[in-house]
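Dear colleague,

Please find below the structure I promised to pass on to you. My notes on it follow directly after.

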Amino acid sequence: MKKFIYYLIILCVLGGCKSFTRTDLQSDCGNTFEVQYIKKGKYKLSKQERAKNYLTIYFLDEFNDQIKININQKEIFNKKIVTDTTKFDTYSAAFTYKLSSADNKYIMKGYSERNKTCFEIPIDTKYRIIYLYYYQNKWIVRFSNNLRID
């Protein structure tokens with residue numbers, strides 16, 4: 001059994017078990033933030049669900065702050081978010097944004113009132129879910145078509 005686990009670990013290292021890519025970027029507020037793209041996963045949205053023009057944004061870990069989200073310079077979210085710090089990856093707030101048929105490019109900007117940090121990133125519309133984290137004093141923006149099931 002130990003050999004099997006050892007071979008499985010080696011296979012993952014060599015073959016790449018990672019199902020996402022990540023990049024660190026610099027924000028215009030002076031902080032760095034991380035962007036992740038989930039490539040595959042268990043609970044994928046159906047083609048029919050992805051075809052709808054909705055984007056769902058979830059707030060996950062370590063928020064205790066007034067958060068503002070703008071898309072194309074229009075404020076679409078401005079609320080106090082408090083996440084449960086005893087359960088990693090549980091969300092306390094989510095909202096849905098309808099993508100316009102007139103716009104083909106979307107820029108999302110998030111701002112933390114308490115921490116005075118932000119991120120600004122183009123939205124990749126082939127993904128219909130964005131998970132937002134604030135972990136170890138850094139924003140993490142995760143694009144996905146995978147549903148989380150808590």
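Is cysteine 118 buried or exposed? Cysteine 118 is buried, its relative accessible area being 0%. Please bear in mind that this is a predicted model.

The disulfide

With sulfur atoms within 2.5 Å as the criterion, the count is 1 disulfide. The bond is formed between cysteine 29 and cysteine 118, with an S to S distance of 2.0 Å. Its handedness is right-handed, with 120 degrees about the S-S bond. Cysteine 29 belongs to the loop between strand 1 (20-26) and strand 2 (32-38), whereas cysteine 118 belongs to strand 8 (residues 117-122), so the link ties together parts that lie 89 residues apart in sequence. In contrast to the buried cysteine 118, cysteine 29 is partly exposed, at a relative accessible area of 34%.

Glutamate 34

A second site concerns strand 2, where glutamate 34 is located. Glutamate 34 has a relative accessible area of 7% and is therefore buried, the cut-off for that term being under 20%. Its side chain makes a polar contact with the side chain of lysine 138, at 3.3 Å. Leaving aside residues up to four places away in sequence, glutamate 34 touches Arg22, Thr23 and Asp24, and also Lys138, Trp139, Ile140 and Val141. Lys138 thus appears both among the residues that glutamate 34 touches and as the partner in the side-chain polar contact.

I would be grateful if you could look at both sites in the model.

With kind regards

Technical notes: Residues are numbered from 1 along each chain as its sequence is written. This is a predicted model: local features need pLDDT of at least 70, side-chain atom pairs count only at pLDDT 80 or more; totals for chains, interfaces and linings use all residues. Side-chain values use heavy atoms; hydrogens and water are left out. Helices (H or I, at least four residues) and strands (E, at least two) are DSSP runs, numbered from the N terminus. Buried means under 20% relative accessible area, exposed over 50%, partly exposed in between (1.4 Å probe, protein chains only). A polar contact is a pair of N or O atoms within 3.5 Å; within protein, one must be able to donate a hydrogen and the other to accept it, and residues adjacent in sequence count only if both atoms are side-chain atoms. Contact means heavy atoms within 4.5 Å.
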